[in-house]
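Colleague: Please take me slowly through the salt bridges, with the setting of each partner, and then say how their surroundings are built.

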Amino acid sequence: MFSRTGSIALEQELSSLMSEDRLLHSKATGDTALSLVRQFGEQLEGELCTKTALLHDIAREWKADDLISYAQEHHLALEQEEVGDPVLLHAPVGAALLAEKGYESSLCRAVRYHTLGSVRMGRLGLVLFIADYIEQGRTHLTDETRKELRTLPSLEMMCLEILRMQGPYLKMKGIRPARCSEELKRFLLAGKRL
């Protein structure tokens, strides 16, 4: 399917597995992740950040039935919200695929929790969660909002603000925030670091 290669080779491999739009989003997420690492002086390897971003949506374009089947066949531990919304399954399924290929556990954890967030996602996951939400191609944010988020003093504050921003949208859709998202919000409100 895909091998553990450098970022350039990985991009080429992924171009046959993802739509052009999905690959562009993944590359933009990688650029954003690297800029966040530089902005906040994070001790994360650039190549690992780029690989994580390129691979985070590896299962995003799978059909719902395929995601459900894979999750059931591999007995994946799922959040209740993921069971109720198959599109969210691309995170645990993608993480499981990458683990099978031998990718680093920090990369797999980051991919696993990039949709809902979790206290278990680690620093790499924190960077991915934010980068995936704020990358330039995302139309749910205005440039002004994106700029305001980038002025916050820490990754934790950015993540907390993103979780707050998601609240009204979820409420409008009649969706309760995921338990892992709420746990992450409480963790960050308590001033803790991932």
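Modeller: A salt bridge is a side-chain nitrogen of Lys or Arg within 4 Å of a carboxyl oxygen of Asp or Glu. The structure, which is a predicted model, holds ten such pairs. Local features need pLDDT of at least 70 and side-chain atom pairs pLDDT 80 or more, whereas totals for chains, interfaces and linings use all residues. Numbering starts from 1 along each chain as its sequence is written, and side-chain values use heavy atoms, without hydrogens or water.

One of the ten pairs joins Lys51 to Glu104, with the closest N and O atoms 3.4 Å apart. Because Lys51 lies in helix α3 (residues 46–55) and Glu104 in the loop between α6 (90–100) and α7 (105–112), this pair ties together parts that are 53 residues apart in sequence; helices here are DSSP runs of H or I, at least four residues, numbered from the N terminus. The two partners have separate settings: Lys51, at 10% relative accessibility, counts as buried (under 20% relative accessible area; exposed is over 50% and partly exposed in between, with a 1.4 Å probe and protein chains only), while Glu104 is partly exposed, its relative accessible area being 28%.

A second pair brings the side chains of Glu82 and Arg112 to 2.7 Å, N to O. Glu82 belongs to helix α5 and Arg112 to helix α7, so that parts of the chain 30 residues apart in sequence are tied together. Here Glu82 and Arg112 are both buried.

A third pair is formed by Glu156 and Arg123, whose closest N and O atoms are 2.2 Å apart. This salt bridge links distant parts of the chain, since Glu156 is in helix α10 (residues 155–173) and Arg123 is in helix α8, 33 residues away. Glu156 counts as buried because its relative accessible area is 9%, and Arg123, at 15% relative accessibility, is buried too. Through shared partners, salt bridges join Glu42, Arg123 and Glu156 into one network.

Helix α8 leads on to the nonpolar core, meaning a set of buried Ala, Val, Leu, Ile, Met, Phe, Trp, Tyr and Cys residues joined through side-chain atoms within 4.5 Å. The largest of these cores has 51 residues, and those with the most contacts inside it are Leu107, Ile130, Ile134 and Cys159. Helix α8 (residues 122–134) gives this core its largest share, nine residues. As for Ile134, leaving aside residues up to four places away in sequence, it touches (heavy atoms within 4.5 Å) Thr32, Leu36, Leu141, Arg146, Leu149, Arg150, Met158 and Ile162.

Helix α10, which carries Glu156, is also among the parts that cover the buried residues of α11. In helix α11 (residues 179–189), the buried residues are Cys180, Ser181, Leu184 and Leu188. Because these four cover an arc (taken from the directions from the helix axis to the C-beta atoms) of only 100° around the axis, they lie on the same side of α11. Arg179, Arg186 and Leu189, on the other side of α11, are exposed. After α11 comes Gly191, which has a positive phi, near 80°.

A backbone detail in another loop deserves a careful look as well. His75 has a phi near 50°, a positive value in a residue other than glycine, and His75 sits in the loop between α4 (64–73) and α5 (80–84), the latter being the helix in which Glu82 lies. At 71% relative accessibility, His75 counts as exposed, whereas Glu82 is buried.

How values were computed. Helices (H or I, at least four residues) and strands (E, at least two) are DSSP runs, numbered from the N terminus.
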